[in-house]
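Here is a quick walk through one structure, going from its packing to a few details of its backbone. Have the viewer open and follow along.

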Amino acid sequence: MAAEPDAGFGLYVHWPFCRSKCPYCDFNSRPAGAIDQPRWAAALLAELDYFADRTPGRRPTSLFFGGGTPSLLDPEIVSAIVTRVRARWDCAPDWEVSLESNPDSADAGRFQAYRDGGVTRLSLGLQALDDTALRWLGRPHDVAEGRAALELARTVFPRLSFDLIHSRPGQSLAAWRDELALALTFAPDHLSLYQLTIEDGTVFGARGVEPPDDDTGRALLDLTRAMTAAVGLPAYEVSNHARPGAECRHNLTYWRGGDWVGIGPGAHGRLGVAAIAQNRDPDTWLAAVETIGHGTETEETLSPESLAAERVMMGLRLAAGIDIGALAAGCGLAVEQVIDRRGLARLIEAGLVESDGDRLRATPDGWPLLDSVLAMLLV
């Protein structure tokens with residue numbers, strides 16, 4: 001199935017363990033107890049081999065270690081996975097190898113070992129530059145520790161990104177302006193700036209925590225985009241900002257409709273029309289891999305309509321938008337089988353979507369309302 005140009009082919013490795021579970025997090029993660037890391041390394045490598053056998057001839061453009069907190073993985077294991085990927089696939093010469101890290105696991109020797117093992121890009125979970133906010137978010141580090149980790153990472157990795165969460169309850173425009181201004185003084189080339197969402201199944205969800213009202217949330221988003229654009233870090237995706245050329249190549253594969261392999265508990269993948277999900281429970285996943293070589297729980301063949309809807313949903317997150325003609329054709333459909341022309345016209349009139357020939361983009365007004373936009377746009 002054709003996708004947007006240069007979508008790439010990615011590999012994702014999920015490490016489901018953290019030192020503690022943050023109250024806002026709905027990812028497949030859990031506090032780490034005693035972990036037999038060599039046993040886990042063998043299982044991750046076995047599942048990687050399983051998918052390598054299924055994808056001969058593919059050229060990886062990215063490898064992403066996510067979690068959980070993958071910086072709790074022994075550096076030797078990260079290196080072994082990178083080495084196995086390079087042995088099993090013909091990787092692109094400029095491929096991107098990203099690893100997520102938290103400040104409380106930052107260590108000069110550990111960072112250097114990851115770099116020596118092939119990691120080219122670090123994503124650091126700062127989440128806030130305010131000690132009170134960090135405590136409320138359940139983060140195990142303070143601002144000083146976060147800044148020290150950031151400075152250390154800058155000396156080791158050629159590419160660096162860090163995350164912040166805004167739209168916290170009670171957060172004012174002035175407070176976020178000061179916090180973001182401080183973040184921008186660190187001269188990052190990539191920032192992930194997420195609006196706090198309260199998900200079912202999280203501690204915050206159970207507590208009934210509510211983010212700011214829609215007007216305040218929108219004002220915080222507008223301020224975020226204005227400040228980042230002013231220093232050359234425009235939003236290239238709903239929550240991600242980068243200098244030209246510093247965009248996260250791995251995530252672009254998702255948003256552009258490319259294929260990727262997901263390895264580890266709860267990891268998802270896309271191979272053509274196949275949507276693949278690994279078992280979420282770490283113990284069940286581990287036992288399955290040791291028995292049959294992989295921990296796949298479900299593999300669904302997506303209909304052309306479902307595949308097209310997914311690609312529209314992901315592609316409209318990008319500032320560049322989507323080429324709807326190419327997207328529909330790549331799914332074996334006509335544009336009219338994907339896009340409701342009357343709905344599109346209403347969205348354009350409302351200023352939520354703009355059209356340039358076959359290229360559709362969500363506007364700054366449309367980005368915060370993507371769920372509603374998609375409901376009107378898709379057939």
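## The nonpolar cores

In the largest nonpolar core, which has 74 residues, the members that touch the most others are Leu63, Phe65, Ile81, Val85 and Phe162. The biggest contribution to this core comes from helix H1 (residues 37-54), which puts in eight residues. Keep in mind that this is a predicted model. As a general backdrop, nonpolar side chains in soluble globular proteins tend to be buried together.

Leu63 is a good place to zoom in. Leaving aside residues up to four places away in sequence, Leu63 touches Leu11, Val13, Val82, Val85, Trp95, Glu96, Val97, Ser98 and His250. Apart from the largest core lies another one, made of 28 residues, including Ala328, Leu333, Val335 and Val373.

## Aromatic pairs

How many aromatic pairs does a search of the whole structure find? It turns up eleven. Take Trp40 and Trp285: their ring centres sit 5.2 Å apart and their planes are at 20 degrees, under the 30 degrees cut-off, so this pair counts as stacked. Trp40 belongs to helix H1 and Trp285 to helix H10 (residues 282-292), so the pair ties together parts that lie 245 residues apart in sequence.

Are these two tryptophans buried or exposed? Trp40 is buried, and Trp285 is buried as well. They also have company, since Trp15, Phe17, Trp40 and Trp285 form one aromatic cluster.

## Cysteines without a bridge

The count of disulfides comes to zero. Why is there no bond at Cys18? Its closest cysteine sulfur is the one in Cys25, and at 6.4 Å that is too far for a bond, because a disulfide needs the two sulfur atoms within 2.5 Å. Cys22 tells a similar story: the closest cysteine sulfur to its own is in Cys25, 6.4 Å away, and that is too far for a bond.

As for surroundings, Cys18 has 10% relative accessibility, so it counts as buried. Cys22 is buried too, with a relative accessible area of 9%; the cut-off for buried is under 20%.

## Backbone details

Have a look at the peptide bond that joins Gly67 and Gly68: this one is cis, with omega at about 20 degrees. Gly68 itself is found in the loop between strand S4 (62-67) and helix H2 (75-88).

Two residues other than glycine have a positive phi and deserve a look. Gln127 has phi near 75 degrees, and its place is in strand S6 (residues 121-127). With 8% relative accessibility, Gln127 counts as buried. Ala187 has a positive phi of about 50 degrees, and it is found in the loop between helix H6 (173-184) and strand S8 (190-195). At 49% relative accessibility, Ala187 counts as partly exposed, as the exposed class starts over 50%.

## A last stop in helix H6

Where is Ala175 found? The answer is helix H6. With a relative accessibility of 37%, Ala175 counts as partly exposed. C-alpha to C-alpha, Ala175 and Asp130 are 9.6 Å apart in space, while in sequence they are 45 residues apart.

Terms used: Residues numbered from 1 in each chain as written. Predicted model: local features only at pLDDT ≥ 70, side-chain atom pairs only at ≥ 80, totals over all residues. Heavy atoms only, no water. Core = buried A, V, L, I, M, F, W, Y, C linked by side-chain atoms within 4.5 Å. Buried < 20%, exposed > 50% of the residue type's maximum accessible area, 1.4 Å probe, protein only. Helix = DSSP H or I, 4+ residues; strand = E, 2+ residues; numbered from the N terminus. Contact = heavy atoms within 4.5 Å. Phe/Tyr/Trp six-rings, centres within 6.5 Å; stacked < 30°, edge-to-face > 60°.
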